[in-house]
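Me: Hi, do you have a moment to go through a structure with me? I'll put it up here and then start asking.
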Amino acid sequence: MMDSAQTKYTEIFPSLQTQIRFFVLLLSFCIEFSFSHCHLQKDSGPTSAPVAESPEMEPQKTNHLEWIKIKETVWMHRSYGESGGQVYPANGLVILTNKGAVVIDTPWTESQTEELFLDIQSRFQKEILYLIVTHAHNDRMSGVPSFQNRNIPVYSTGLTAKLAKERGFGNPNPILDIQTRLAAGNQWIEVFYPGHGHSVDNIVVWLPETHILFGGCLVKALDAKDLGYIKEANLGEWENSVKKVLARYPDAEVVVPGHGDWGKLDLLRHTIRLLVSTNH
Ligand SMILES: [Zn+2]
């Protein structure tokens, strides 16, 4: 039993564990605060700097590529781009098959795309079969020239190919309008265009073997406080488009957003909530 002096001492000087907890709490509060501040700044008015995904923006290399394992055969690549002094992360996927790897969206910069090539070789010992790009913004397509220099096929919809050409993002092969299910060794990759949302051309990617849905920028992460870059968004249609995705893939186990952490189907519902509060 603790005597009264010891009790008093414990009250005044909390245990080391409690102090650590307090420190972690304080740290996460600070991170959360700065993150929401940066999001607020993104949409803070006409004088604010171009936002993270503005196709006119020239992002700089600010960090190394990161790898996050979702399942044994599906990894998320996370790259970083800078805009107006802020650094933003962006997600893409790498799917490992018995015939090679498929990449969904390039890293945000060409140098991080070079890292992607080296990492896929050293980590997974796979050749890249092809790249799919999910819309014509620089956080999805900055690395396309590097793929094309290596003669790796780059696939998109016709609309994304048209916009990419106008914006100098290379020349994807627009086969995804007619071919929405692609073979990749022992796996299948399905693409779906739900209509306008974050952009006019955003598509999602479905992996039927692993029940992973790559929502790209149509889908916001659970901790997103706003819709991010909306200068090219269709706020009236976006909600319907997300609902179409929800109706089509109700058995998705993992949902990967364009930015932030992956989660489950509640990311789609969170995106709808953000749209409803923005539109009303
Ligand atoms: Zn975008």
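Me: Let's start with one residue: is aspartate 105 buried or exposed?
Reply: Happy to help! Bear in mind that this is a predicted model. Aspartate 105 counts as buried, because 28 other C-beta atoms lie within 10 Å and the cut-off for buried is 20 or more.

Me: Where is aspartate 105 in the chain?
Reply: Aspartate 105 is in the loop between β4 (101-104) and α3 (110-124). Its backbone is worth a look too: aspartate 105 has a positive phi of about 65° although it is not a glycine. Most residues other than glycine have a negative phi.

Me: Which other non-glycine has a positive phi?
Reply: Asparagine 151 is one, with a phi of about 60°. Asparagine 151 sits in the loop between α5 (144-149) and β6 (154-155).

Me: And is asparagine 151 buried or exposed?
Reply: Exposed, because asparagine 151 has 6 other C-beta atoms within 10 Å and the cut-off for exposed is 12 or fewer.

Me: OK, stepping back. How many helices and strands does the chain have?
Reply: There are 8 helices and 11 strands. The chain has 280 residues, of which 40% are buried. Among contacts between residues at least 6 apart in sequence, 63% join residues at least 24 apart.

Me: In what order do the strands of the open sheet come?
Reply: The order is β7-β8-β9-β10-β11, which makes 5 strands with mixed pairing. β7 (181-184) and β11 (254-257) are at the edges with a single partner strand each, so one side of each has no neighbour in the sheet. On average, and ignoring direction, neighbouring strands of this sheet are turned by 20° against each other.

Me: Walk me through the pairs. How many bridges hold β7 and β8 together?
Reply: There are 4 bridges between β7 and β8 (residues 187-192), in the antiparallel sense. Alanine 183 has tryptophan 188 in β8 as its bridge partner. The hairpin of these two strands has 2 residues between them, and glycine 185 there takes a positive phi near 55°.

Me: What about the next pairs along?
Reply: β8 and β9 are antiparallel too, over 3 bridges, and phenylalanine 192 stands opposite valine 204 in β9. From β9 (residues 204-207), 3 bridges lead to β10 (residues 212-216), again antiparallel. In that pair, tryptophan 206 has leucine 213 in β10 as its bridge partner.

Me: Switching to the helices: which residues of α8 are buried?
Reply: Leu267, Leu268, His270, Thr271 and Leu275. Seen down the axis of α8, the buried residues fall within an arc of 160°, so they line one face of the helix. They pack against β10, α7 (238-248) and β11.

Me: And which exposed residues are on the face turned away from the buried side of α8?
Reply: Asp266, Val276 and Ser277.

Me: Does the length of α8 add up? What span should it have?
Reply: The 14 residues of α8 (residues 266-279) should span 20 Å at 1.5 Å a residue, and the end C-alpha atoms are 20 Å apart, which agrees.

Me: I noticed a lysine around there. What is lysine 220 in contact with?
Reply: Leaving aside neighbours within four places in sequence, lysine 220 contacts Leu227, Gly228, Pro257, Leu267, His270, Thr271 and Leu274. Lysine 220 is in the loop between β10 and α7. With 26 C-beta neighbours inside 10 Å, lysine 220 counts as buried. Lysine 220 and arginine 269 are 49 residues apart in sequence, yet 9.4 Å apart in space, C-alpha to C-alpha.

Me: How about α6, which of its residues are buried?
Reply: In α6 (residues 158-167), they are Thr160, Ala161, Leu163 and Ala164. What covers them includes α4 (138-141). Just after α6 comes glycine 168, with a positive phi of about 75°.

Me: Last one: which residues have the most contacts inside the largest nonpolar core?
Reply: Leu93 and Ile95, in a core of 57 residues. Not counting residues up to four places away in sequence, isoleucine 95 touches Thr73, Val74, Ala101, Val102, Ala184, Gln187, Ile189 and Leu207.

Note on methods: Residues are numbered from 1 along each chain as its sequence is written. This is a predicted model: local features need pLDDT of at least 70, side-chain atom pairs count only at pLDDT 80 or more; totals for chains, interfaces and linings use all residues. Two strands pair if DSSP finds at least two bridges between them. Axes are lines fitted to C-alpha atoms, for helices over the stretch in contact, and angles run from 0 to 180 degrees between N-to-C directions. The expected span of a helix is 1.5 Å times one less than its number of residues. The arc is that of the directions from the helix axis to the C-beta atoms. Two residues are in contact if their C-beta atoms, placed from the backbone, lie within 7 Å. A nonpolar core is a set of buried Ala, Val, Leu, Ile, Met, Phe, Trp, Tyr and Cys residues joined through C-beta atoms within 7 Å.
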